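User: Please show me how to read salt bridges and burial in a protein model, one feature at a time.

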Amino acid sequence: MHQFIHIDTFGLSRQSTKKGAKSKRRTTARWTVDEIIAELTRKEGACDHVENPQPPVIVFGKDPEIVAAEIKRDVAAAKDPRGRKLRADAQVLLSGVASWPVRREDIDETGFQEYAVWEKLTVNALKERWGDRLQYCVRHCDEEFLHVHYGVSPELDPLTGRYSIEDLHPGMAARARARAEAIARGETPKRGKLEAAMRNGLREFQEDFYHRVSVRFGHSKDGPKRKRLTRAEWKAQQAIAQKTATMVAERDALKVRLEKISAESVNRERYEEAVRIARELQDLVEQERKRRDETERRNEYQRRQLAAEKERADRAEAEVSRLSQIIGRMKSWLKQAQSIIGRLIGGSEKLPSVCPQWLPEDVWEGVEETAKERWVEAEVEDYMSGVEIRQSSGFGKPRPAPVRRLKRP
């Protein structure tokens with residue numbers, strides 16, 4: 001099993017975005033704040049993808065509809081850096097989903113208790129990241145997987161009117177830092193580096209959620225398709241994740257025991273037990289760190305191998321394309337040469353006195369010999385026809401025709 005947590009941005013009105021550089025004409029309209037709130041609150045007509053919609057459960061924060069009303073109020077008073085009203089499609093809400101990776105139909109009573117622990121840790125992790133800007137956490141139980149929707153909104157600055165999600169979005173914040181650092185160095189921010197910084201920020205967001213929540217349940221950060229792992233490699237990675245989860249649970253249990261002992265009156269035996277527990281805890285933490293580092297090194301090696309294989313495949317594909325073009329040109333030249341040779345042999349064109357540059361010497365010799373043979377055959381036929389004419393005219397025995405110099409046509 002692997003973790004799933006997603007984050008996206010929404011505005012008060014639709015915003016058309018390109019689906020890809022190769023399909024510039026194809027665009028898709030992003031959802032608005034009202035639409036995403038209607039979907040997660042299960043408004044009629046907004047959740048057609050759910051067979052039997054059930055009322056959502058608010059596990060933290062406010063009613064999402066109240067949050068939407070507050071966002072509209074703040075946007076009406078907000079200003080952009082030039083002092084103008086915000087754009088109608090400005091992104092003003094961060095909303096995402098965290099999903100429990102077990103199908104609802106496969107969860108028993110024990111499994112739901114485990115889910116409840118995961119949900120609590122997930123909400124705590126979101127609160128630690130965004131603090132009081134986390135507006136709501138809503139549970140959905142009517143889809144294939146149990147999941148939690150969360151929403152984050154910025155705070156309106158009453159002095160400047162600034163209302164931006166850039167500081168809250170992990171990718172946008174990383175991109176803004178990269179831009180500021182480039183300007184501080186006297187460089188012009190480059191788009192490629194800024195986009196790479198944004199991807200790294202989102203990757204760190206996934207990494208943080210993994211260490212705060214997923215590692216405790218044996219979940220991996222990515223699925224087998226994402227890394228293109230074989231089933232054996234995926235099983236090995238899952239086994240490592242389960243061992244890590246077991247060690248984390250033991251570490252947490254030791255922490256509880258250590259805190260309990262520290263809270264009580266400390267005598268000699270308690271002190272020795274506390275020291276032993278502290279050492280065991282340190283050993284578990286070190287084992288967990290080594291295991292995680294080993295997994296990361298193995299994953300990094302696999303990523304490098306996949307990148308090298310892809311590069312070799314791209315080079316091979318380019319070479320095949322180049323050779324195919326060369327073969328195509330050679331076939332065209334050969335076809336032209338065959339046509340010209342055919343016309344020469346057929347006598348429709350005059351045979352040149354020297355070998356053309358485009359014709360190989362051995363082919364030229366064959367053409368010349370063929371032309372000579374046809375010339376001799378023509379002279380012999382002329383001679384025999386002359387003999388037949390003299391014999392039929394009654395001049396007695398045929399005698400050889402007078403010798404004449406044969407000229408090559």
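**Reading burial and salt bridges**

Analyst: Asp-74 counts as buried, since its relative accessibility is 13%; buried means under 20% relative accessible area, exposed over 50%, and partly exposed in between (1.4 Å probe, protein chains only). The model is predicted, so local features need pLDDT of at least 70 and side-chain atom pairs pLDDT 80 or more, whereas totals for chains, interfaces and linings use all residues. Residues are numbered from 1 along each chain as its sequence is written, and side-chain values use heavy atoms, without hydrogens and water.

User: With which residue does the side chain of Asp-74 meet in a salt bridge?

Analyst: A salt bridge is a side-chain nitrogen of Lys or Arg within 4 Å of a carboxyl oxygen of Asp or Glu. The partner of Asp-74 is Arg-73, with 3.4 Å from N to O. Arg-73 is exposed, because its relative accessible area is 53%, whereas Asp-74 is buried at 13%.

User: How many salt bridges does this rule give?

Analyst: The count comes to 23 salt bridges. One of them joins the side chains of Glu-119 and Arg-139, at 2.7 Å from N to O. Glu-119 lies in helix 3 (residues 109-130) and Arg-139 in strand 6 (residues 134-140), so this pair ties together parts that are 20 residues apart in sequence. Helices (H or I, at least four residues) and strands (E, at least two) are DSSP runs, numbered from the N terminus.

User: Is Glu-119 buried or exposed?

Analyst: Glu-119 is buried, because its relative accessible area is 8%. Its partner Arg-139 is buried as well.

User: Which residues does Glu-119 touch, beyond those up to four places away in sequence?

Analyst: Contact means heavy atoms within 4.5 Å. Glu-119 touches Val-59, Arg-139 and Val-148 once residues up to four places away are left out. Arg-139 is thus both a contact of Glu-119 and its salt-bridge partner.

User: How does the pair of Arg-185 and Glu-187 compare with the cut-offs for burial?

Analyst: Arg-185 forms a salt bridge with Glu-187, and their closest N and O atoms are 3.4 Å apart. Arg-185 counts as exposed because its relative accessibility is 53%, while Glu-187 counts as partly exposed because its value is 40%. Elsewhere, salt bridges that share partners join Glu-39, Arg-42, Asp-142 and Glu-143 into one network.

User: What do the totals say about the protein as a whole?

Analyst: The protein has 9 helices and 7 strands. Of its 409 residues, 32% count as buried. Among contacts with a separation of 6 or more, 62% are between residues 24 or more positions apart.
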